[in-house]
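Visitor: I am new to this structure and would like a close look at a single part of it. Please take one open space in the protein and go through what surrounds it.

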Amino acid sequence: MFENEINPKWDVFLAAVKQEVKPALGCTEPVSLALAAAVAASYLQGNIERIDAWVSPNLMKNGMGVTVPGTGMVGLPIAAALGALGGDPKAGLEVLKNSAVHHLTAAKAMLENGQVRIVLQSPCEDILYAKARLSAGERWCSVTIVGEHTRIVSIETQDGILFSLAENSRETLSPNPLESLASATLEEIVDFAVQVPFEAIRFILEAGQMNDALSRLGLQGEWGLHIGRTLEKQQHCGLLADDISTAILIRTSAASDARMGGASLPAMTNSGSGNQGITATLPVLTVAEYFAADDEKLARALILSHLSAIYIHNQLPRLSALCATTTAAMGAAAGMALLAGGDYAVISMAIASMIGDVSGMICDGASNSCAMKVSTSVSSAWKAVLLALDGSAVSGNDGIVGCDVEHSIVNLCALARHAMQHTDRQIIEIMSHKATV
């Protein structure tokens with residue numbers, strides 16, 4: 001931590017980014033279950049004979065149709081089995097990074113033999129909930145994760161409770177910076193991004209490097225829906241312009257293609273999501289390259305993008321019916337506007353226009369189609385930036401857009417917290433029916 005005598009909130013801002021922007025290998029919902037299984041396995045000796053898992057409806061929604069890295073398979077059962085047999089319990093969201101072919105072979109065998117069972121936890125008040133119970137002979141261990149993708153709240157064995165967060169005092173000694181972030185404003189975040197010493201935010205450049213590597217991989221193969229690669233081909237055919245707008249679309253989509261298609265490269269996440277991290281990163285990186293920005297300018301734009309995305313998403317449920325690539329792209333709009341010479345007023349107008357544009361996009365689970373939503377969101381972001389640079393934006397007289405950017409954000413997030421909860425239940429019901437037919 002740098003020595004800060006300018007604004008006490010800056011320490012909170014940095015802590016929030018470092019907590020919410022971190023590497024993950026694979027979609028974070030199945031990875032969360034894989035982590036629970038890996039931790040449980042670490043307490044057992046001998047062959048794992050059975051895996052029983054319970055997950056929340058939202059975790060089920062985001063785990064049903066997404067490819068688990070290195071497996072070529074979709075769904076929570078393979079994630080749980082591979083986490084149990086080849087997961088690294090100390091690797092957090094990169095729990096599957098060291099799994100090998102023999103682990104995958106054994107995991108597939110468990111699935112074929114009916115040794116893995118995934119159950120929808122009901123009733124379940126927690127939006128993000130994953131519990132894995134592994135059995136090895138007479139011994140068993142269960143690990144429960146609640147609230148955050150890596151937040152273990154209990155570890156139990158046949159001998160009793162080994163760990164319970166309710167009885168552990170360490171969490172009270174480390175307050176969540178997101179709680180303090182709730183009292184901040186977007187204007188304060190912009191001031192921070194512009195004024196904070198470069199050395200304090202240099203670390204955010206890793207997000208650009210990591211997600212750019214994923215994007216380059218996405219352009220090399222038929223990952224997922226291969227949207228990025230297809231658009232690049234159409235660009236070469238003359239059906240798309242060779243310009244910055246198309247570059248933003250192609251590079252960002254390609255990274256999401258690779259991630260959702262099961263590539264074995266990590267993504268730098270934002271707010272627990274790789275797609276949100278990709279969306280907050282690659283448009284900014286693309287615009288920075290267009291303007292030949294140096295590392296400092298890039299770092300300031302990236303920190304603004306990621307922190308703005310965190311600030312907005314912090315007012316949402318962790319998982320909801322609102323596709324959060326939209327809010328991540330609002331962060332990207334802020335970062336791109338900064339690179340293009342925009343000030344707080346321009347940034348505010350761009351975000352307001354996005355709220356007037358893509359606020360109704362639903363999240364219907366993690367899958368290859370997420371790259372479609374990513375491409376739509378970043379296209380909206382660049383369009384909103386261009387309008388704002390020309391002094392144009394959706395006004396407070398239109399729809400849910402408020403009199404200022406803070407009211408607009410509150411209105412958007414209120415929809416996700418309240419009215420869209422029914423939408424979420426309907427989406428889960430539709431998807432659950434599809435899984436049984």
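How do the residues of the lining of the second largest pocket divide into nonpolar, polar and charged?

Guide: This is a predicted model. The lining of the second largest pocket divides into five nonpolar, three polar and four charged residues. The pocket itself has a volume of about 210 Å³. Its lining can be followed along the chain: Pro 57 and Asn 58 belong to it, then Cys 124, Glu 125, Asp 126 and Ile 127, then Leu 319 and Ser 320, and finally Gln 421, Asp 424, Arg 425 and Ile 428. Two elements give two or more residues to this lining, helix H3 (57-63) and helix H19 (419-436). Of the elements, H19 gives the most, with four residues.

One of these residues leads on to an enclosed space. Leu 319 lines the second largest pocket, and Leu 319 is also among the residues nearest the centre of the largest cavity, together with Asn 62, Ser 273, Gln 276 and Cys 363. A search of the whole structure finds one cavity of 30 Å³ or more. The volume of the largest cavity is about 320 Å³, and 26 residues line it. Helix H2 (28-41), helix H13 (274-290) and helix H17 (370-389) are the elements that give two or more residues to that lining. By class, the lining of the cavity has 10 nonpolar, 12 polar and four charged residues. For the pocket, the corresponding division is five nonpolar, three polar and four charged.

Conventions:
Residues are numbered from 1 along each chain as its sequence is written. This is a predicted model: local features need pLDDT of at least 70, side-chain atom pairs count only at pLDDT 80 or more; totals for chains, interfaces and linings use all residues. Side-chain values use heavy atoms; hydrogens and water are left out. On a 1 Å grid over the protein atoms alone, a cavity is a set of points where a 1.4 Å probe fits but cannot get out, and a pocket is an open set with protein on both sides within 12 Å along at least five of seven lines; lining residues have an atom within 4 Å of a point. Grid points are joined across faces, edges and corners, and a volume is the space filled by probe spheres set on the points. Ala, Val, Leu, Ile, Met, Phe, Trp, Tyr, Cys and Pro count as nonpolar, Asp, Glu, Lys and Arg as charged, and the others, Gly among them, as polar.
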